[in-house]
Amino acid sequence: MALRPVTIKQILEAKRDPSTDTFMIDGTDVNHVTIVAQVRSAAIQSLKFIYRLDDGTGNIDAQEWLDTRSQERVEQGTLQPISLDTYVRAFGTISEFGHKPILKISNLRMIEDFNEVSYRQLAHQ
């Protein structure tokens with residue numbers, strides 16, 4: 001399946017198809033998504049970073065699982081979650097936890113060019 005840029009509102013309104021265990025947005029199966037959002041909270045929890053992301057259309061919890069090397073860097077204090085209020089682009093898959101949608105992050109990067117935020121806002125109007 002292709003990577004689809006979406007808003008958090010679209011993720012929150014996505015319908016889960018129990019027969020295929022996939023989510024549908026606008027009548028299309030969606031697996032891999034990307035969003036541009038601001039980090040509103042960040043925490044380290046066991047083997048993952050937990051983020052609360054906000055893109056202006058809604059808020060969503062997102063989980064970034066850490067590999068062994070990253071876990072070691074967290075323990076050494078050389079790796080921290082991304083700072084609050086930083087704009088990020090998150091790539092991942094939609095999942096559910098506690099009967100609510102979450103984003104399982106496969107890649108998270110800070111936005112360095114603010115035009116990316118402006119473009120996202122224009123593209124989703």
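## Hairpins, core and charged pairs

Strand β2 (residues 15-17) runs antiparallel to β3, and the two pair over 3 bridges. Here, pairing means that DSSP finds at least two bridges between two strands, while helices (H or I, at least four residues) and strands (E, at least two) are DSSP runs numbered from the N terminus. You're looking at a predicted model, where local features need pLDDT of at least 70, side-chain atom pairs count only at pLDDT 80 or more, and totals for chains, interfaces and linings use all residues. Residues are numbered from 1 along each chain as its sequence is written, and side-chain values use heavy atoms, with hydrogens and water left out.

### Exercise: two hairpins

Find out which residue takes a positive phi in the β2-β3 hairpin, and which one does so in the hairpin of β3 and β4.

**Solution.**
- Start with the register: Lys15 has Met24 in β3 as its bridge partner.
- Now go to the turn. There are 4 residues between β2 and β3, and Asp21 among the turn residues has a positive phi of about 60°. Asp21 is not a glycine, yet it has that phi.
- Check its surroundings: at 47% relative accessibility, Asp21 counts as partly exposed. The scale runs from buried (under 20% relative accessible area) through partly exposed to exposed (over 50%), using a 1.4 Å probe and protein chains only.
- Move along to strand β4 (residues 28-30), which is joined to β3 by 3 bridges in an antiparallel arrangement. Ile25 has Thr28 in β4 as its bridge partner.
- This hairpin has 2 residues between its strands, and Asp26 is the one with a positive phi, near 55°.

### Exercise: another positive phi

Ser46 isn't a glycine, but it has a positive phi; say what the angle is and where Ser46 sits.

**Solution.**
- The angle is about 55°.
- Ser46 sits in the loop between β5 and β6.
- As for accessibility, Ser46 counts as exposed at 67%.

### Exercise: the nonpolar core

Take the largest nonpolar core and work out which residues touch the most other members, and which element gives the most to the core.

**Solution.**
- Pin down the term: a nonpolar core is a set of buried Ala, Val, Leu, Ile, Met, Phe, Trp, Tyr and Cys residues joined through side-chain atoms within 4.5 Å.
- The largest such core has 26 residues, and Ile35, Tyr51, Leu53 and Leu103 touch the most other members.
- Elements that supply at least two residues each include α1 (8-13), β5 (32-45), β6 (48-54) and β9 (100-110). The top contributor is β5, with 4 residues.
- Zoom in on Ile35: leaving out neighbours within four places in sequence, its contacts (heavy atoms within 4.5 Å) include Val6, Ile8, Ile11, Leu53, Val88 and Leu103.

### Exercise: Arg40 and its partners

The structure holds 7 salt bridges. Trace which acidic residues meet Arg40 in such a bridge.

**Solution.**
- By the rule, a salt bridge puts a side-chain nitrogen of Lys or Arg within 4 Å of a carboxyl oxygen of Asp or Glu.
- One partner is Asp54, at 3.3 Å from N to O. That pair links distant parts of the chain: Arg40 is in strand β5 and Asp54 in strand β6, 14 residues apart.
- Asp85 is another partner, with its closest N and O atoms 2.9 Å apart. Here the link spans 45 residues, from the loop between α2 (68-76) and β8 to strand β5.
- Now look at exposure: Arg40 is partly exposed at 37%, and Asp85 is partly exposed at 45%.
- Asp54 has something else going on: a polar atom of its side chain lies 2.8 Å from the backbone nitrogen of Gly56.

### Exercise: charges beyond Arg40

Find the salt-bridge partner of Arg4 and the side chain that makes a polar contact with Lys100.

**Solution.**
- Arg4 pairs with Asp26, with the closest N and O atoms 3.0 Å apart. Arg4 is in strand β1 (residues 3-5) and Asp26 is in the loop between β3 and β4, 22 residues apart.
- Compare the two ends: Arg4 is partly exposed at 22%, whereas Asp26 is exposed at 62%.
- Asp21 also turns up again, linked with Arg16 and Glu96 in a network of salt bridges.
- Over in strand β9, Lys100 makes its polar contact with the side chain of Asp61, at 3.1 Å. A polar contact is a pair of N or O atoms within 3.5 Å; within protein, one must be able to donate a hydrogen and the other to accept it, and residues adjacent in sequence count only if both atoms are side-chain atoms.
- Lys100 also touches Arg52 and Ser95, and it counts as partly exposed at 41%.
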